[in-house]
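Q: Could you take me on a close look at one part of this predicted model, namely its largest nonpolar core and what surrounds it? I would enjoy one connected account.

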Amino acid sequence: MSQTLRASGVGASRCFTVSNAIDIHQPLPDRAAVRQRLNLPADAFICGTIGSLIPRKSNQDVLQELSYFKQACPEANWKIIVVGDVPEAAALRQQAAKDAILDRVIFTGFQNNALDYLAAFDVFILASHSEGLPRVVLEAMLVNTAVARSRVVGIEELISHRGINQP
């Protein structure tokens, strides 16, 4: 990022690193223990999303795709956990009911323990149309949870899959 800014004419003295404030030395939650505490099926594939339930986060698209997946693979054993609250919470619940996946969706509302939920997920989904620097992606990486993401600025800079994002 610093090189890009300097190449654009920003003086080197104005480019510096700001820590992300994630304590990488903190005790991390145990996936199995968290799943048990949250009463999640041990044999289910758990995906999830964490954040404000606003249109820009595209949670409605995630639910729609999971509805298609359920139709294509009705025997698959999966759940999605949606951590977050207003303003789109009610609309997302209605969509899940309409798409016949409400039995697969767990809406938690706002939670303070994002690391616990991230540790419980097999994959964290961030399908945003735009982002800044999403801290939650860094937290998912910290607890070794896979990240499925949209290809937008802010997320793309954090994740590279076997060189796919390399020029």
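A: Happy to, and please keep in mind that this is a predicted model. Let us begin with the core itself. The largest nonpolar core holds 26 residues, and those touching the most other members are Ile 46, Ile 50, Ile 81, Tyr 117, Leu 118, Phe 121 and Phe 124. Two or more residues come from each of strand E1 (45-50), strand E2 (78-83), helix H5 (114-120), E4 and H6. H5 gives the largest share, six residues.

Phe 121 deserves a closer view. Leaving aside residues up to four places away in sequence, Phe 121 touches Ile 46, Cys 47, Gly 48, Thr 49 and Ile 50, and its partners also include Arg 31, Arg 35, Ile 81 and Thr 145. Apart from the largest core lies another one, of 17 residues, with Cys 47, Leu 66, Ala 76 and Val 123 among them.

Now to helix H6, another contributor to the largest core. Of its eight residues, six are buried, so H6 is largely enclosed by the rest of the structure. The buried ones are Val 136, Val 137, Leu 138, Glu 139, Ala 140 and Leu 142. Their packing partners are E1, H5, E4 and E5. After H6 comes Asn 144, with a positive phi near 60 degrees.

The strands on either side of H6 in the chain complete this part of the picture. Strand E4 (residues 123-126) and strand E5 (residues 146-149) run parallel and are joined by four bridges. Between them the chain passes through helix H6 (residues 135-142), making a β-α-β crossover that is right-handed. Within the strand pair, Leu 126 of E4 stands opposite Arg 149 in E5.

Leu 126 also leads us to a cavity. Searching the whole structure turns up one cavity of 30 Å³ or more, and the volume of the largest cavity is about 60 Å³. Its lining is made up of 13 residues, and those nearest the centre are Thr 49, Ile 50, Lys 57, Asn 59 and Leu 126. At least two lining residues each come from E1, helix H3 (59-72), E2 and E4. Two of these residues link back to the core: Ile 50 is among the core members with the most contacts to other members, while Thr 49 and Ile 50 are both touched by Phe 121.

Notes
Residues are numbered from 1 along each chain as its sequence is written. This is a predicted model: local features need pLDDT of at least 70, side-chain atom pairs count only at pLDDT 80 or more; totals for chains, interfaces and linings use all residues. Side-chain values use heavy atoms; hydrogens and water are left out. Two strands pair if DSSP finds at least two bridges between them. A crossover is right-handed if, with the strands pointing away from the viewer, the path from the first strand over the helix to the second runs clockwise. A nonpolar core is a set of buried Ala, Val, Leu, Ile, Met, Phe, Trp, Tyr and Cys residues joined through side-chain atoms within 4.5 Å. Buried means under 20% relative accessible area, exposed over 50%, partly exposed in between (1.4 Å probe, protein chains only). Contact means heavy atoms within 4.5 Å. On a 1 Å grid over the protein atoms alone, a cavity is a set of points where a 1.4 Å probe fits but cannot get out, and a pocket is an open set with protein on both sides within 12 Å along at least five of seven lines; lining residues have an atom within 4 Å of a point. Grid points are joined across faces, edges and corners, and a volume is the space filled by probe spheres set on the points.
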